[in-house]
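Dear colleague,

Please find below the structure that I am handing over to you. My notes on the sheet and the salt bridges come after it.

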Amino acid sequence: MSIVKLSAEPFVPKKHTLSILRAAMPECRGCELYKHASKVVPGAGISRAKLMLVGEQPGDQEDKQGEPFVGPAGKMLRKALAELKVDPKLVYVTNAVKHFKYVQRGKFRMHKSPDMREVNACRPWLEAEIDAVKPDVVVAMGATAAKSLLGSGFRLMASHGVMQESRYAKNVMATVHPSAVLRAPDE
């Protein structure tokens, strides 16, 4: 019995501009996640951003609205950018996986981490976005995003905050996801 390799590659256009990618993403059937998600969630921001922020996957609000980082983690991200005096209009934000993976708990849809097969299947979209934007620095927020860009053996807590090179981008740094800050105990 052979295992079918999941991949978005057949759905990713050869020409990588943000408008072309955004238009093509809703047709992707590169993995099973599209079947249960409300919408695909492409990245957002300026086409030549020097900084690209890559999250793990869309959350509940992102899935409903079709835009990245519009939920509680997005609010935390905007607060962090403001504290760092980074204009969010000059940043491109996206996710390693373009559809929301969740578990239904009553009337709530709870985030469920995508597995590496799903992350790998969606990577052609992320690669195309990186190619279209050509950022100077890519920040992978969370373990899933970091593993997508730096390999499945990457350990976030052991190597976060260290600039690294990957085959997808010259300058990649991994850090915790804004949602981790939301879940952390607050004094």
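The notes below cover how the model was treated, then the sheet, then the salt bridges.

This is a predicted model, in which local features need pLDDT of at least 70, side-chain atom pairs count only at pLDDT 80 or more, and totals for chains, interfaces and linings use all residues. Residues are numbered from 1 along each chain as its sequence is written, and side-chain values use heavy atoms, without hydrogens and water.

An open sheet is formed by four strands in the order β2-β1-β5-β6, with parallel pairing. Strands are DSSP runs of E of at least two residues, helices runs of H or I of at least four, numbered from the N terminus; two strands pair if DSSP finds at least two bridges between them. The edge strands are β2 (91–95) and β6 (172–175). Strand β1 (residues 51–55) pairs with β2 over five bridges.

Ten salt bridges were counted, each a side-chain nitrogen of Lys or Arg within 4 Å of a carboxyl oxygen of Asp or Glu. One of them joins E118 and K101 at 2.9 Å, N to O. E118 lies in helix α4 and K101 in the loop between β2 and β3 (102–105), so the pair ties together parts 17 residues apart in sequence. Both residues are buried, that is, under 20% relative accessible area (exposed is over 50%, partly exposed in between; 1.4 Å probe, protein chains only).

E67 and R22 also form a salt bridge, at 3.4 Å, N to O. E67 is partly exposed at 29% relative accessibility, as is R22 at 35%.

Yours sincerely
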